[in-house]
Amino acid sequence: MDGGSVRASLIQLAVSDAEPPAERRARAAALVRAQDTADLVVLPELWPLGGFAYDAWSEGAEPLDGPTADAMSAAAKAAGVWLHAGSIVERDPDGPIYNTSLLFAPDGELVTTYRKIHRFGFDSGEAVVMGAGQEIVTAVTDLGTLGLATCYDLRFPELFRALLDAGAELLVVPAAWPERRREHWTLLARARAVEEQAYVLACNTAGTHGGVEQAGHSIVVDPWGRVLAEAGAGEEVLTVDFDPAEAAKARADFPVHRDRLLGIPAPVQR
Ligand SMILES: NC(=O)CCC(=O)C(=O)O
């Protein structure tokens, strides 16, 4: 962090069925290590196995001290960055599998995890085979307070309002969001930034896996809804510099949250 400016690098990783998870893990770790001028690095959702590679999840699930966490901890430490390592299929020995995000400090410590609350797929995929997270998760860092959400969560503004109430200034959203609904992805990222007067750092997957083409178009939005940077469709590292204090400034200059109706009146039927 340099005089109020934070550099974030979103690694929009391409995920394909052809690349073995161990190779992708090594490639992702090398990409993280290369971001040693950044303060915060972000990876996408479920990148080791693939967000739509349902068949691989049960066998490839890993614990919170498994190979992906180990590799990411070492990479965060080597680069000296905060690392939101996207999410893994977490194997909980006492429960179901979860879609779990991992946040590492610059010394490699796993500081927090977030189990995705809203599971995507309706009657298939994670909605059927994964457990739902039960906790709203924020992390206080020297960059500001991060609020964690994952992909489909972006469609549920009440989660982001809860993150605001918990102090979040930077909303970090890893995703495996398909090309078919790309307009929703960029629109919702901007909407959440405007509503919560927060930065949104949304890191999507590139490539095609599980028969689903991914949208890419990772995006960083400021608390006024302005797009600071947006990736293309393919694998790339999207780097952006911003001032995290702008969230508090936006909230003071345009104090919308002061006018919240905390006790919503009961609906009237006429
Ligand atoms: N992995 C996901 O959560 C996909 C979400 C999605 O495709 C959508 O909300 O649309």
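Strand S6, which covers residues 138-141, pairs with strand S7 in the antiparallel sense over 4 bridges, and the two strands form a hairpin with 2 residues between them. The model described here is a predicted one. Within this pairing, valine 140 has threonine 145 of S7 as its bridge partner.

Strand S7 also pairs with strand S8, residues 170-174, and here the two strands run parallel and are joined by 3 bridges. In this second pairing, leucine 148 stands opposite valine 172 in S8. Between S7 and S8 the chain passes through helix H5, residues 157-165, and the resulting β-α-β crossover is right-handed. As for the surroundings of S7 itself, 5 of the 5 residues of this strand, residues 144-148, are buried, so the strand is largely enclosed by the rest of the structure.

A further theme is the contact between aromatic rings, since the structure holds 10 aromatic pairs. Two of these pairs are set out in the table.

| Aromatic pair | Centre to centre | Angle between planes | Arrangement |
|---|---|---|---|
| Phenylalanine 52 and phenylalanine 120 | 6.1 Å | 75 degrees | edge-to-face |
| Tyrosine 152 and phenylalanine 156 | 5.2 Å | 80 degrees | edge-to-face |

Phenylalanine 52 belongs to the loop between strand S2 (40-42) and helix H2 (54-60), while phenylalanine 120 belongs to the loop between S5 and helix H4 (126-129), so their pair ties together parts that are 68 residues apart in sequence. Phenylalanine 52 and phenylalanine 120 are both buried. Tyrosine 152, from the other pair in the table, has a relative accessibility of 12% and therefore counts as buried, the cut-off being under 20%. The four residues of the table are included in one aromatic cluster, which is formed by Phe52, Tyr54, Trp57, Phe120, Phe122, Tyr152 and Phe156.

The last feature to consider is the largest pocket, which has a volume of about 170 Å³. Its lining is made up of Leu64, Glu90, Tyr98, Thr100, Thr113, Tyr114, Arg115, Ala132, Gly133, Gln134, Glu135 and Val137. By character, these lining residues divide into 5 nonpolar, 4 polar and 3 charged. Strand S4 (97-104) and strand S5 (110-115) each supply at least two residues of the lining, and it is S5 that gives the most, with 3 residues.

Note on methods:
Residues numbered from 1 in each chain as written. Predicted model: local features only at pLDDT ≥ 70, side-chain atom pairs only at ≥ 80, totals over all residues. Heavy atoms only, no water. Buried < 20%, exposed > 50% of the residue type's maximum accessible area, 1.4 Å probe, protein only. Pairing = 2+ DSSP bridges. Right-handed = clockwise from strand over helix to strand, strands pointing away. 1 Å grid on protein atoms, 1.4 Å probe; cavity = no way out; pocket = protein on both sides within 12 Å on 5 of 7 lines; lining within 4 Å. Points joined across faces, edges and corners; volume = space filled by probe spheres on them. Nonpolar A, V, L, I, M, F, W, Y, C, P; charged D, E, K, R; others polar. Phe/Tyr/Trp six-rings, centres within 6.5 Å; stacked < 30°, edge-to-face > 60°.
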